[in-house]
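Student: Hi, I have a new structure open and would like to go through some of its helices with you. Could you show it here first?
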Amino acid sequence: MPRWLIVLLSLFCIIWFTTRSRSPPSDALALARAPFVDVLSLTVILPLIPSTLAHLDELLAPFLVSTSILYEVAIVCPHALVADIHRELRIVLSNAPPGHPKVSLYPWFGHTLHHQASFEIIARVKTQWVLLLDEHGFKHIAECDRAYMLHPRAVHLPVGPRGFAGSSHNWSQLSPSDRVQSAAFLVPPFVAPSGLLAKAPLISSPSLAWPALGSYVAKSTLGSFGGIVIGADILDTVACNPRTKTSTTFPDEESGDDPDSRTLADIGSVPISAKGFFALAFPRKEDLRNFIPATCKLHNQGYTVLAYLYDTVDNAGSSGIVIEKNCTIPYFQRSKATRSFSDWLNSLGSVPDIVIGLDHQDLVSSTFSSILEQPPFLNTTLMRLPRLELPYTEWIGTLTLHELRHWNVPEITLSVITNNRPYSLRRLLESMQRTLFYGDMVNIRINMDQTSDPETMHIVQDFVWLHGDMVLHHRVVHGGLLPAVVESWYPSCNDSYGLLLEDDVELSPLSYAWVKMTLLHYQYGNSSPSSSKLFGISLYQQKIIELRPTGRQPFNARALFRSASPYLSQIPCSWGALYFPSPWREFHDYLSFRLSQSGLSIRSPIVPGVRSNKWTKSWKKYFIELVYLRGYVMLYPNYDDFVSLSTNHLEVGSHVKNEPGEVYEKKKHMFSLPLMHLSGALAGQAAHGPRLLDLPGGTLPDWERLPVLDLVGEVSSMEAIQKRGNERRAELGECLGVTSLVSTVRDLLCHVPL
């Protein structure tokens with residue numbers, strides 16, 4: 001070959017290689033177009049060493065959020081630290097918000113280094129993707145980079161904020177750029193396919209491990225680089241300087257293509273009400289429109305409500321208003337000045353009392369929790385709602401700021417009691433799956449008796465619950481309905497509530513909305529001393545009074561009160577009802593004491609003149625005794641046409657006998673009720689029957705205005721039923737000071753010697 005041709009070819013190769021190495025790789029260009037990773041497909045790997053143990057709460061905080069992406073946080077630690085970490089975890093997790101991913105320990109033994117241990121457990125994780133951290137976690141990592149790694153895209157290479165280029169003799173860290181960059185290797189934190197890293201070589205030296213990983217990645221992917229460094233071009237939904245305070249200016253002209261787009265001078269021009277401030281953060285205006293009925297009710301209570309729409313960046317920083325009847329809600333679209341949620345919050349000038357967003361995880365919403373866990377937002381409450389349930393949230397707007405501040409406080413467990421009615425159980429479980437839970441984590445416990453049939457067992461084993469944890473309990477000795485109900489749930493704390501459901505019950509899709517609305521209003525928003533007598537909330541609407549000595553009597557609360565107001569009744573409901581922690585604990589103690597027959601025969605009537613004295617195998621007999629002596633009450637709904645939040649199908653079981661067809665159908669008709677339709681939560685539309693807010697004045701009445709009924713359905717008062725209980729306690733024995741109720745069950749039946 002001629003010499004001149006060799007030189008020419010050499011020059012061509014040098015030019016080709018140089019231009020190729022400087023061009024953005026196809027993988028980097030594809031990063032912005034790649035889909036997001038699947039739900040529950042990401043495991044966080046956090047190495048913990050003695051020097052960082054004291055900061056465990058800070059290291060875990062970014063990951064202990066309600067998320068649809070994170071499956072597990074895997075803590076890799078020396079075996080010697082396991083006991084100390086367990087102790088710290090109990091404290092950290094007790095304060096963590098509901099819905100956070102599970103946290104697991106993976107101890108290592110011997111002289112293994114923590115980066116080696118992290119690689120070794122990758123083969124044990126169950127997800128397609130891993131977020132690999134070093135011992136510092138997300139410390140010194142910008143908010144935008146955190147947001148990407150908590151909601152990454154499905155790219156077959158490691159992706160993170162820290163990359164190096166050069167050669168083994170002269171590595172240099174890549175500077176932040178507006179564009180994604182290829183790197184020879186990355187250092188943690190970064191996201192990568194778990195299958196890729198699981199086969200990576202284990203290098204003992206930390207300084208050599210990451211370059212070796214980059215070389216392995218390049219060879220494994222048939223590429224020329226070992227990772228991708230995040231650039232601003234794929235972070236167009238968050239900003240990298242979230243602490244910068246900005247003031248956003250909007251154009252003066254109105255937008256001609258949107259009837260709602262009427263501009264505001266700037267965010268600071270909107271006056272903030274001293275009564276309360278709500279900040280809404282939704283991707284699209286459609287989300288805001290769907291939430292507008294609740295928003296307007298909050299606005300009409302005198303609260304300030306501002307909205308931030310972040311799905312697209314509007315360089316002009318446009319603003320607008322949504323007008324609904326007598327309600328005007330300002331919104332602000334994301335701009336270059338307010339690229340991140342924290343930018344927008346900092347621009348407001350006031351700290352919101354409550355932030356409402358979607359439970360859907362995107363690059364912006366994934367930052368909500370971490371932002372609100374820092375000053376000055378530590379007292380701000382975060383509410384996350386599912387997008388599909390936004391049209392059914394009008395009732396939220398009827399609650400006060402004080403009540404909504406407790407949105408995340410109640411812990412409600414659904415407790416299902418079943419035995420050998422598989423058809424009934426399936427109907428109940430299907431109705432539960434149709435129920436709206438408004439983003440709450442709601443755990444379920446299914447209690448099966450020893451005599452449960454194979455079909456029932458099969459239904460339970462195949463049941464999938466997506467709203468929280470599921471626990472199955474199977475008795476090994478047949479106990480009957482009394483222990484089956486009483487032992488089906490026990491409160492774990494003073495904010496723990498049990499929704500007890502026998503298997504012949506069916507729920508309305510709005511049953512949880514009724515429970516949450518009334519619980520927040522009467523348990524967390526009410527300061528009346530007598531409200532401490534509330535022992536539960538019924539989903540079922542009374543149609544029959546069962547306890548009168550003369551037998552069952554028809555009952556119509558709306559006709560009796562001539563009002564749509566809910567009411568208080570001493571009768572406990574067993575056909576779908578929420579029970580409160582303190583009275584339920586007391587009931588356990590009371591029942592144990594009564595069944596022991598210590599000084600008082602179990603046949604001795606406690607409540608005079610009620611039919612339940614003959615219900616020897618019913619838990620309600622004893623709960624009615626406690627209710628009578630204490631002066632307790634339960635809240636009942638009162639909708640037109642007996643429309644209810646639960647119904648009972650009165651199927652043959654422990655307390656329903658198999659009777660001739662006509663007799664049975666007549667009795668069943670007495671107790672079966674129509675369920676409130678899902679449309680009952682829609683605003684401004686014709687519902688199929690009564691609506692959830694068909695209440696006096698469209699809102700729940702104050703506690704003092706609720707009608708009160710005694711055990712036989714007679715109109716009474718809180719004072720009268722409490723006086724009656726005190727007098728009965730005095731009749732049971734030598735009791736002193738009955739005007740002030742005592743605290744223990746032994747003293748409640750005070751004729752029994754201590």
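Tutor: Let us begin with one helix pair, keeping in mind that this is a predicted model; the crossing that helix 18 makes with helix 19 is right-handed.

Student: Which residues of helix 18 and helix 19 meet there?
Tutor: From helix 18 the contact takes in Pro 583, Trp 584, Glu 586, Phe 587, Tyr 590, Leu 591, Arg 594 and Leu 595, and from helix 19 it takes in Trp 619, Tyr 622, Phe 623, Glu 625, Leu 626, Leu 629 and Arg 630. Sorted by class, the contact of helix 18 with helix 19 has eleven nonpolar residues and four charged ones, with no polar residues.

Student: And at roughly what angle do helix 18 and helix 19 cross?
Tutor: Helix 18, residues 581–595, and helix 19, residues 619–630, cross at roughly 110 degrees, and their axes come within 10 Å. Angles of 65 to 115 degrees count as roughly perpendicular, and helix 18 and helix 19 are therefore roughly perpendicular to each other.

Student: Now another pair: how far apart are the axes of helix 13 and helix 14?
Tutor: The axes of helix 13 (residues 422–433) and helix 14 (residues 454–462) are 9 Å apart, and the two helices pack at an angle of about 20 degrees. Helix 13 and helix 14 are therefore roughly parallel to each other, and helix 13 passes helix 14 in a right-handed crossing.

Student: What meets what between helix 13 and helix 14?
Tutor: Pro 422, Leu 425, Arg 426 and Leu 429 in helix 13 are in contact with Glu 455, Thr 456, Ile 459 and Val 460 in helix 14. By class, the contact of helix 13 with helix 14 has five nonpolar residues, two charged and one polar.

Student: Changing topic, where does the kink in helix 9 lie?
Tutor: In helix 9, which covers residues 285–300, there is a kink of about 60 degrees at Ile 292, shortly before the proline Pro 293. Ile 292 is also buried, and other buried residues in helix 9 include Leu 288, Phe 291 and Ala 294.

Student: What follows helix 9?
Tutor: Helix 9 is followed by Gly 302, which has a positive phi, near 105 degrees.

Student: One last residue: is Ser 492 buried or exposed?
Tutor: Ser 492 has 62% relative accessibility, so Ser 492 counts as exposed. Ser 492 sits in the loop between helix 15 (481–486) and strand 21 (496–502).

Student: How far is Ser 492 from Pro 581?
Tutor: Along the sequence Ser 492 and Pro 581 are 89 residues apart, while in space they are 8.2 Å apart, taken from C-alpha to C-alpha.

Conventions. Residues are numbered from 1 along each chain as its sequence is written. This is a predicted model: local features need pLDDT of at least 70, side-chain atom pairs count only at pLDDT 80 or more; totals for chains, interfaces and linings use all residues. Side-chain values use heavy atoms; hydrogens and water are left out. Axes are lines fitted to C-alpha atoms, for helices over the stretch in contact, and angles run from 0 to 180 degrees between N-to-C directions. Helices (H or I, at least four residues) and strands (E, at least two) are DSSP runs, numbered from the N terminus. Angles under 35 degrees count as roughly parallel, over 145 as roughly antiparallel, 65 to 115 as roughly perpendicular and the rest as oblique. A crossing is left-handed if the near helix is turned anticlockwise from the far one by less than a right angle, and right-handed if clockwise. Contact means heavy atoms within 4.5 Å. Ala, Val, Leu, Ile, Met, Phe, Trp, Tyr, Cys and Pro count as nonpolar, Asp, Glu, Lys and Arg as charged, and the others, Gly among them, as polar. The bend at a residue is the angle between axes fitted to the seven residues ending there and the seven starting there. Buried means under 20% relative accessible area, exposed over 50%, partly exposed in between (1.4 Å probe, protein chains only).
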